[in-house]
Amino acid sequence: MQFPSWLTPEIIPGLPIRWYGLMYIVAFTVTYFVFRRQIKERNFPINDDDLSGLFLWAIVCLIAGARIFYALVYDIDGEFRRAPWLIFWPFRNGTFVGLQGMSYHGGVIGAFLATVIYSKAKKFNFREIGDMFAASIPLGFTFGRLGNFINGELYGRITASPLGIIFPHGGIAPWHPDFDRIRAAAAHMGIASVAGPAGILNFPRHPSQLYQMFFEGIFLWAVIWMCRNRKPFKGFLISMYFIGYGLIRFIIEYFRQPDENIGYRLQFVASELPLAIAHPLLAFSTGQVLCFLMIVAGVAWALFASRLGNREPVLDYAAAGAHLTAGAGGQDSHRRKEASESAKLERNRRRKLRNKLK
């Protein structure tokens with residue numbers, strides 16, 4: 001299958017407005033409205049100003065965390081270590097290129113810390129806020145991966161599957177060190193290539209962005225959304241998101257080609273095949289290592305949150321408040337009744353005393 005020729009990274013050719021940036025805006029907007037829906041469902045006590053502040057700081061820290069983490073983990077050449085100001089500098093050689101290179105896991109860390117600090121400052125229950133984010137983020141994440149697909153980036157390994165797509169930048173050049181091995185392996189697997197300029201061979205690849213868009217986005221969101229009112233304790237959905245995302249992406253990474261300049265972070269069994277062709281079962285990419293740590297963090301958080309006080313999930317704050325008010329009103333009524341009976345007994349006692357004196 002050929003990548004759609006009408007899809008280009010620029011929304012309007014010649015202007016620095018890209019679909020990927022627009023998808024970020026759509027993702028944040030979708031997350032905001034899903035979060036707001038949950039606030040109305042449970043009558044959570046947060047006003048519009050505090051909600052806007054929460055999202056503003058979460059987005060700022062998400063972007064900052066994603067860029068810093070990318071610079072620390074994925075910068076093998078040391079460009080950002082030599083010139084750290086380039087991390088947030090959107091120009092290269094006088095041309096606006098945006099912030100190219102973001103780490104999802106760094107964004108999660110940044111947004112998580114921002115939510116913890118903001119909740120503490122505003123005296124909100126962080127576990128409730130975090131659960132509502134966990135039931136909102138995956139649906140927004142869907143559009144981020146759609147942006148990757150439109151960019152024709154983060155594609156998967158070469159495949160003979162009918163799902164394979166020939167991406168514009170998925171070709172192998174003759175000067176690639178594994179060019180001959182890849183061509184021979186592809187021919188052995190019956191994978192047809194498309195000849196491009198300068199001898200470049202383009203092969204069909206797994207659309208791993210679409211796999212992630214569906215399973216890490218739509219599917220994970222649907223599962224968490226159905227559990228949002230059935231959680232056993234506050235903070236449960238946070239752990240559910242960490243474990244679910246980590247597990248799903250860990251599996252999908254087997255269909256995705258690791259970064260050429262990094263390869264596998266851990267490789268227990270060496271493979272004779274190039275990165276573009278095969279991903280050995282016991283070879284783990286950077287994404288898989290980080291996803292494993294994410295799963296561990298999710299399990300640890302579940303054990304920790306389940307032992308905290310005030311662990312009962314509160315689904316409707318207005319109903320809870322009305323119940324407490326009704327309870328308090330009932331106690332006041334009981335006290336008034338007791339006081340009235342006491343006063344009546346005292347009046348009868350005085351009346352009997354006057355009659356006796358007469």
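Two strands pair if DSSP finds at least two bridges between them. Keep that in mind for the sheet. And note that this is a predicted model.

So, the sheet. Strand 3 and strand 5, residues 201–202, are joined by two bridges and run antiparallel. Within that pair, G171 sits opposite N202 of strand 5. Now add strand 4. The three strands make an open sheet, ordered 3-5-4, with antiparallel pairing. Which strands are at the edges? Strand 3, at 171–172, and strand 4, at 194–195, each pairing on one side only.

Next, salt bridges. The whole structure has 12 of them. Let me start with E128 and R42. Their side chains meet at 3.0 Å, N to O. E128 belongs to helix 5, residues 126–134, and R42 to helix 1, residues 19–42, so this pair ties together parts that are 86 residues apart in sequence. Are E128 and R42 buried or exposed? Both are buried.

Two further pairs. R249 bridges to E253, with the closest N and O atoms 3.1 Å apart. R249 and E253 are both buried. R181 pairs with D178, and there the closest N and O atoms are 2.9 Å apart. R181 has 40% relative accessibility, so it counts as partly exposed. There is also a network. R42, E128, D131 and K231 are joined into one by salt bridges that share partners.

On to the pocket. I will take the second largest one, with a volume of about 250 Å³. How many residues line it? The lining has 13, and V108, I109, F242, M294 and A297 are the closest to the centre. Three helices each supply at least two lining residues: helix 4 at 104–122, helix 9 at 236–252 and helix 10 at 286–305.

Now the surface. L266, F268, V269, L281 and L282 make a nonpolar patch of about 510 Å². Take L266 from that group. L266 is placed in strand 6, residues 264–267. Why can L266 be in a patch at all? Patch residues need over 30% relative accessible area. L266 has 40%, so it clears that cut-off and is partly exposed.

Last stop, L146. This residue is in helix 6, residues 137–151. L146 is partly exposed, at 27% relative accessibility. Along the chain, L146 and F214 are 68 residues apart. In space, their C-alpha atoms are separated by 9.7 Å.

Methods: Residues numbered from 1 in each chain as written. Predicted model: local features only at pLDDT ≥ 70, side-chain atom pairs only at ≥ 80, totals over all residues. Heavy atoms only, no water. Helix = DSSP H or I, 4+ residues; strand = E, 2+ residues; numbered from the N terminus. Patch = residues over 30% accessible without salt bridge, like charges linked within 9 Å, V, L, I, M, F, W, Y side chains within 5 Å. Areas by Shrake-Rupley, 256 points an atom, 1.4 Å probe, with all protein chains shown as cover. Salt bridge = Lys/Arg side-chain N within 4 Å of Asp/Glu carboxyl O. Buried < 20%, exposed > 50% of the residue type's maximum accessible area, 1.4 Å probe, protein only. 1 Å grid on protein atoms, 1.4 Å probe; cavity = no way out; pocket = protein on both sides within 12 Å on 5 of 7 lines; lining within 4 Å. Points joined across faces, edges and corners; volume = space filled by probe spheres on them.
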